Amino acid sequence: MPIAFPKFLHRLSTNVPLSWVLTVPFVLPTIGAVALVGYLFHQSGQATVENMGRKLLAQTNERVTQEVKTYLQTPLLINRLNVDAVNQKQLDLQNVPALESALFNRLQQFERVTAVLFVSPQGKFRVVEQLPKLYLGIADPPQPDKLLIYHLDGQGRRGQLVTTVNGLDVRRDRPWYQRAVRTGKLGWNPISQYGTFKALTLDASQPVYDRTTKRLVGVFAVHIRLDYLSEFLRHLDISRFGQAIIMDQSGALVATSTPEQLYEAEAGIGHQNQFKQLNINESHDNLTRSLGKYLYDRPSTLRSLEQPQDLEFRYKGELQYVKITPFHDPYGLNWRILTVIPKAYFLEPIQHNTRQTILLCQLTLGVAIGLGLLAANRLTAGFAQLNRASRELAAGNLDQRLPTDSPIYELNGLAQTFNQMAEQLQQSFDRIKTTLKGSEEKFTTIFRTSPDPIAIASLAEERLLEVNDSLIEFFGYSHAEMIGCTALELNLWNDLNERDQYRALLQQQKRVRNLEVQIRTQSGEVKTILLSAEIRTLEGQDRLIVMYRDISDRKAVELALQQSEARYRAIVEDQTELIARFLPDTTLLFANAAYCRCFGINQEDVIGKSYSPNIHEADRDQVARIMQSMSIVNPTAIVENRVISNGDIRWMQWVNRMLFDEQGNFTELQAVGRDITKLKQIEEALRKSEANLLQAQQIAQVGSWEIDLETEKITWSEELFHIFGLDPAQLEPSRIELLKIIPDEDRGVLNAAIKRSIAEGTPYEVEHHIHRPDGTICYIISKGQAALNDQQQVYKIYGTALDITERKQAEAALQESETRFRQLAETVREGFFVFETESSHYSYVNPAYEAIIGIPSQAFLREELSSKGMSYWLNNIHPDDRNRIEAGLQRERQGNHFYEEYRFIRPNGEILWLLSQAFPIQDETGTILRIVGTVEDITARKQLEQSLRSQAEAEHLLATITQNIRQSLELEKILATTVLEIQRTLNADRVLIFRLNPDGSGQVIQEAVVPTYPMTDQMRWEDEHFPEECYEYYRQGNPRIVPNVATDEWAGCLTEFLQEVGVKSKVVAPIVQTSGKLSAEVWGLLIVHACSHYRHWQESEADFLQRICNQLAIAIDQANLYQQLQIELAERRQTEKALRVSEEQFRRAFDDAPIGISLISPTGQFLKANTCYCDIIGYTEAELLALTFQELTYPADLEADLAGLRQLVAGEIRSFQMKKRYITKQGTIVPVLLNVAPIRDEDGQLLYLVGHIQDTRDYLKVERMKEEFISVVSHELRTPLTSIRGALGILETGVFNDRPEKAQHMLQIALNNSERLVRLVNDILTLERLESGKVQLVMEHCQVEDLMQQAVDSVQAIADQSAITLCLTPLRANLWAAPDTIIQTFTNLLSNAIKFSSTGNTVWFKAEMMDEQKSSSTTRSPLPTPYILFTIKDQGRGIPQNKLDVIFEQFQQVDVSDSRQKGGTGLGLAICKKIVQQHGGQIWVESRLGEGSTFYFTLPLTMKNESN
Amino acid sequence: MKVTKRILIVDDEEDIRDVVRVSLEEFAGWLTITAASGTEGLLIAKTEALDAILLDISMPDINGFEICEELQADSETQMIPVIVLTAKVLPSDQNRLAELEVAGVITKPFDPMTIWRQVAEILGWSV
C-alpha cells in the first residue's frame, strides 16, 4: 500500500473542487482566530488575577507594616522623653508627686498606651494605668512587693484604694526591669499578658543613670496592648475573604484578623507567668494552622526572611496566594507579616467571562462557515458554466455565449470577456479562410508560368509530383512522362557524383543553392545548370521543391575567353619591355615578368595594390598631372619618371595608353616602360658642366664669344647676353647689329683692333662702352684672339668681354667726392688741417684755420706756414693751458683722439677760446702717417657759459638765503648769513643792513666787511630822514645804484659818513614790509659798498639784491609771526597746564571717590564709571561702556528708575534718589542708594547724567544685626515678663485661693522671673555702656591680689551651696585697671564655673605674670609683655568645640535652657570680653566635653607705664 | 456628648508652660499635653490625637517655624490647627509668621484670663 497515499495526495492537489477551495481557507482561519482569542482571553484573565492578588497582598502588607511601625514608636518615645526629662533635671525622681504627675501626664499625652511605669533600684515603684479607667500603682521600700492600687481622676488626683497586690516585686518578677538593667539600653521585652486582661501586651523599658555617678537611678517602662493590632488587622478589607497575621520569627502569633485568642494562660497577677503564646501551627483557625504547617515545611522562610516573599499553597484543594513580609526594628523586634487570599476569590468573575467567550466563539464560527459555503456556491455556479462554454469553444463550437446576469460583478466581467473572445475568434477564423484561398490561387499561377524550370518531388524517393511548363520544355519530356518518375529513372543526371554531392548537401543543410551540375535532356544534350532545392511542408507532407537555371551558353563563352587570354598572356610575359595595366585609381591589375624583374617583386605581391609608392616621391605630382591630362581625345602619353627599385632610383620611360569601355568611360590604363637610367645620367653630367661654366662667367662678369670667320656665325655665352642686356633665349645679334650697340667713337677702335688681330693673328684688348637696350651705358674690356687652323690660317676669332661699368662708376664718384670735400673745407667756419707727421708739415690748412689762428702776414708767408705752423700755434697757447695741450699731443702721438679746449693769444693780444680736435691716421703697421684736425673758435660760447655760471651762483645764493629764511626763524641769524653770503658772492667790500625804525631813528644792525675797511660798528642815527621822493622810491620796492657816492643827490647827509668808512660806490635795496599793514613801509635797507674802486654795478646785481630784500621782508614777517606765536603758545601752555591740573584733580576726585559714580547718556549707555562703581557692579569700566544701566538693573526696580529718568530728562525735577538693586557680573544682587542728576550745556541741552550709587549692603547688614539684636533682646525681656504677667494674672483671679501650694508655685514663678528680668536689664545696660564707649572706665592702680580676693568673696556663698571648693592662686602685682569691671569679670567667670560644676568639684582661680619666655605658648596672638594671665578652670560638663568661639557673643549660651536653670542672661561672657578688650587684653576658652573648661584672659601691665 | 478638647502646648520655658496650662485647664476646662522641646512636640503631634497646638517660636532644638513646616508636610498632622505663641513682635518676625499657614498668633506677654478665649475665637470653638 505504500503507493496509495501519494496517489491520493496527487488527486487531492489537482482535483480540488472550487467550492472547497473557497470555503476551507475561509473557515479554517476563522476557527483558528476564534480559538486563539478564546485562549488568550483566558490566559490574560489568569495573569490579571495573579497580578491583582499579588498587588493586593503587597499593598496590605505595606499598610500593616506602616501601622505597626507607628504603633510601636510611641512606647519607645515615651521612655526617651522620660529619661531626657530626668537627665535635663526637668523631672526630679526624688520628688514623688512630680514623678506621679509626670507618669500621669505621659498617659494623658498618649492615648494608646496602657501603662507608664517607673521603678528605682531601691524598689520605689510607680505605675499609672489606663484600662481604660485610670489607676495608680504604688510600691515603696521597705516593702517593695506590696503594691497599692488607687483610682485616679481625670486630673491625675489620687482617689480610693482599689486593691493591694502582695508578692509582686516588679524588679524580680517582670522581665522589663531585668532586661533594662542587663542591657543598660532602651529595648523591647518579651510579649506578655497584662495583668488579668485578656490581651497581649508588649512593653519597652529604658534605664536611667545618674550623669555624674553613672549609677542606675531607675527604669522607665511603657506597656502597649497588642490586641489593638489584631483589631487593626480585622478592619482591613482583605480580612473579609482572606487573613492577615502578625507573628514573630519563631512563629508565635502576635496579632491576627481572626477572632481567636492568641494565648493560653492562667489568670492572676504576681504569680510566675503561666502565660503561653499560641504558635501559628497551633491556631484554632484551620486556615491559619494549615498556613503555619505549610510555613514550617519551609523553615528558611520563617527564620531568615530579609525580603518580602510571594508563596502559594493549597487549602482544601483551593489555591491560596500568600505574601510574607519581614518586620525588623532596631530594638530587637523580628516579626513576620502574613497575608493570605484564596485565588478563587478573584477567579469567579473570570470563569463567568470565559463561559461567555466560548459561547460567542461558537456562534461566530457557525455563522462564518455558513457564509463561506453560501458564497462559494454562488461563485462555483458561475465558474462551472464558464468551464462548460470553454470546453465547447475548444471543441470548435464557436457560437458559445455565456449569460451576463450573474449577481457577482467579477463573474459578469468574466462572462463578457469570454463572449468577446469567442466573437473575435469566429471573425479571425473566417478571415483566415478567405485569405488562404486567394494565396493558393496566386502561387499555383506563379508555379505554372515561372520561366525557370521548377519541380516538386517527394522527399523520400524524389519522385516528381508536379513540374511546371518551363521544366517540361527544358527537358523535352511530356508532363505525363515526368510525373511519378525519379530523376534517376529519367536519366537526368549526367554525372552521378554530382548527384551524390547534391544529396549530401540536402541532407546536411536541408536545402541546396545554385549548385552547378550537368544534366541530360531527353535529346541527350548535356546542359550546365544551377540547381536549387528546398524541403517544404506542403499539405502536411514534406516535399522537395527543385529549381533549375540553364547556364550552358555562358559557360561556352567563358571557355573561349580563357583560351584567348592565355595566348595574349604568353606574348606579354615574354616581352623585355615592362608591361602593366592599372585601374584609374592606380590599382595594378597586371604586371608582366619584366615588370616584376625590374622592381624585384613577385606578381602576387603587387597585383591589387597601387603603383604610386614605386614612383619617386619628387615625380609623383608630375606623373599625376600627366595622367590628368590624358583623355579619350588624347589617350596616349609618354612619361619619364624615377622609380624606386630595390632601394635604387631608376629612370623609366613609360608609354601610357588609356582604355575605355563602350560608353567611353575610362576603365584601364596600359603602360609599357623601359629603363632609361643610363641615358639620364649622361644628360645630367652634361647639364652640370654647362651650368658650372655659366656660373663662372656670371661671377667674373665675363662673357665669351667666338666668330666663325667663314660662316660669320657668332656664338655667345649666356653671360655675354647679360652684359649686353639681352635675352639669352634669343639668338645672338649679327655683326651689323652688334656694331650698332657700340658707340661710334669706340666702334672704329674696336674694328681696327679686330682687323689687326685677324691680320696679324695677335690678341687684342680694347676698352669701350656699349649702349644697352634699356638706355644704360656699360663699359667693357674686350679681348680677342685669332684661332689658327692647321694651315695656320685664321679661321675664327674668339674672346671675352669684361664688364667694368662698376669700376668706372666708382672712379667717377671718387673724383666728384674729392671736389665736394675741397669745396666744403674751403667754406666751413671751423679751421681744418692735415698735418703730415713724417715731414712735420701741414699738407693742408683751410682758410678758416688761417683766419682763426690769425697768421701774421709779416711774420711768414703762407708757404712758410706749412713748416712753421706747429711751433707758432704751440707758442701762442695761453701759458696756463700749454702743459695740458702738450700732454694731449703726447697722447695723440700714441694714436689717441685729441680733444681740448684752451686759450690762444692772437698776435694782436686778443685771447680766444679754441676747441681743437685731431685724429691720427695710421697705416697697417700702426705708424701714424698724418694727423687730421679741426679748430673751432668757442670764445662766444665760453663767455656765455661764464655769464650763466655767475647767474647760477646768484640764484644759488638767493636759494641759500631763501632756504635759510625758511629753515630758521631767528631774524638775526638770517640777516647775518645774508650779509656774509652777499659779500662773498658779489665780492663786495662791505654789505650792511640798515634798520629804519618806526620812530624815525635808524641803525646798522648787521654788517659784513672785508678786513681792510672799518666796521660801521652798529652805528645809530637818531633822526634819519630821507627825502620824500627817495623814501617813496624805496617804498615802491626799487633798488638804487649809486655809482659815486660823492655825487649822490639823495644822500647829502651821508657823504661824510661814507667817506669815513671809505665808500666809493654802492647799491641800495629796500626791505619793504607789506603784510598785515594797510600801506607798505620801508623796514630797512640792504646796502652793498664798493670801497676799493668805483665799481660799475650791473642792473642785474641791483635786481638780485632787491630779490634778496623781498625774501628778507618775508623772513621778517615770519619772524614777527613766530614771535607772536611763541607768546601765544606760552600762554596756551599755561592755560593747558592749569586745565590739566584741574582735570587731574577732578579726575582723581572722580576715580578715588568712595562712592560709585558713573556718567550715563540720556539713553542709559554708560559713558564713564569710577573704580568704586566698577567694584560695586563687578564689571570693568571697559565692559560697562558696552552696557546700559537698564541691563544691569534688577527687573523689578527698572520701572521706577526709568520713571525718574524721564522726569529728569523732561526737566521736571532737578535730581532724583531711589533705593534700587543692580545685578552684578557675578549674578549677585546689590542694593544701592542711587542719586541721579543731569548735566546740561549752556543751552540747557541734556549732555549726560551723573549717577552716584552707594552700596547699602553694609548698611542693611548693620540694620539687620540691629533688628536681630532687638528681636533677641525683646524676646529675652518678654519671656520672663510673660511668666510674671501670667502667674500674677492667675493669682489675681483667685482660682488658687483654695489651693495655697499652687498659688505659692505661681508666686514663685513671678518672683524668679522678676529676678531674671532685673539681671537681664542690668547686663544689657552694662554691655551697652561698655560697647558705646560713652562711659570712660575709671582706671586706677589696683592690687591684683585684692581684686581676686574680692571676687572670690562674692561667689563664695553660691560655691558653698553646691559644696564646690574654690582654689585661689593669687598674684601680688600692681595693675592699672578699672577695679569694678575687673571684679565683675572675675565674678562672672567664677559664677559660671560654679554653676556648671557638680557638687564636690573644685574651681581653680589663678593669676600669673607672663614674660617673653612664658608667653609664647599661651596667648593666641602675640601680646606686649609683660602681662598677667588669669585662669579660671572647672570640672564641669565642658563646651562643645563648635561653641567655643560664639559663647563670647551676646545671647549665645551653649544651651538655651541654661539661662533658666543657671540664672544666666546670655550676656555675661559678652560683658567679660568687652571689659578685657577695653583693658587691652584677650579672652578665650579651652574645653573638653565632660572634663571641664578653662577660661583665660590677659591684662597687660604696660598700660600703667603709658599713663605715667 | 461634649468631647473635651486636647491641646498640645510646646514651649521650652517651663514657667510659661505652667501658666498656659493653668489658664486653659482651669478656665476653659480643656485637656492639655505639654512638650518641653520642639522634638518632643513634634513626636506627640504625630502620635496623639490633638485638637490644637499652641506653639512657641524660639526654641533651642527645632524652632517653631520648622515645626510648622514639618507639620504641614505630613498629611496626618497638617489638619491640626496651630496657634503661635511668641515673644517675637518685630516686623521681620511678623513677616515670617505671616508666611506660615497657622490659625493665629498670640503675642507674649498675654493675659492668662483671656488667652483661652483668644484660642477659642481663633479656632471658632464655642465656649
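In this predicted model, β29(A) pairs with strand β30 (residues 777-788) of chain A in the antiparallel sense, over eight bridges; strands are taken as DSSP runs of E of at least two residues and helices as runs of H or I of at least four residues, numbered from the N terminus, and two strands pair if DSSP finds at least two bridges between them. Within β30(A), Cys778(A) serves as the bridge partner of Ile770(A).

This pairing belongs to an open, antiparallel sheet of five strands in chain A, ordered β28-β27-β31-β30-β29. Its edges are formed by β28 (714-716) and β29 (764-771) of chain A, each of which pairs on one side only. From one strand to the next, the twist averages 25°. Helix α22 (residues 744-760) of chain A packs on the sheet, where β29, β30 and β31 (794-803) of chain A are touched, and its direction makes about 150° with that of β29(A). Helix α23 (residues 805-827) of chain A lies across β29, β30 and β31 of chain A and runs at about 135° to β30(A). Axes are lines fitted to C-alpha atoms, for helices over the stretch in contact, with angles from 0 to 180 degrees between N-to-C directions.

Elsewhere in chain A, His223(A) is placed in strand β9 (residues 216-225). His223(A) counts as buried because its relative accessibility is 4%, buried meaning under 20% relative accessible area with a 1.4 Å probe and protein chains only. Apart from neighbours within four places in sequence, His223(A) is in contact (heavy atoms within 4.5 Å) with Val113(A), Thr114(A), Ala115(A), Leu117(A), Trp176(A), Tyr194(A), Leu202(A) and Asp203(A).

Residues are numbered from 1 along each chain as its sequence is written, while chains are lettered from A and ligands numbered from 1 in the order in which they are written. As the model is predicted, local features need pLDDT of at least 70, side-chain atom pairs count only at pLDDT 80 or more, and totals for chains, interfaces and linings use all residues; side-chain values use heavy atoms, with hydrogens and water left out.

How values were computed:
Buried means under 20% relative accessible area, exposed over 50%, partly exposed in between (1.4 Å probe, protein chains only).
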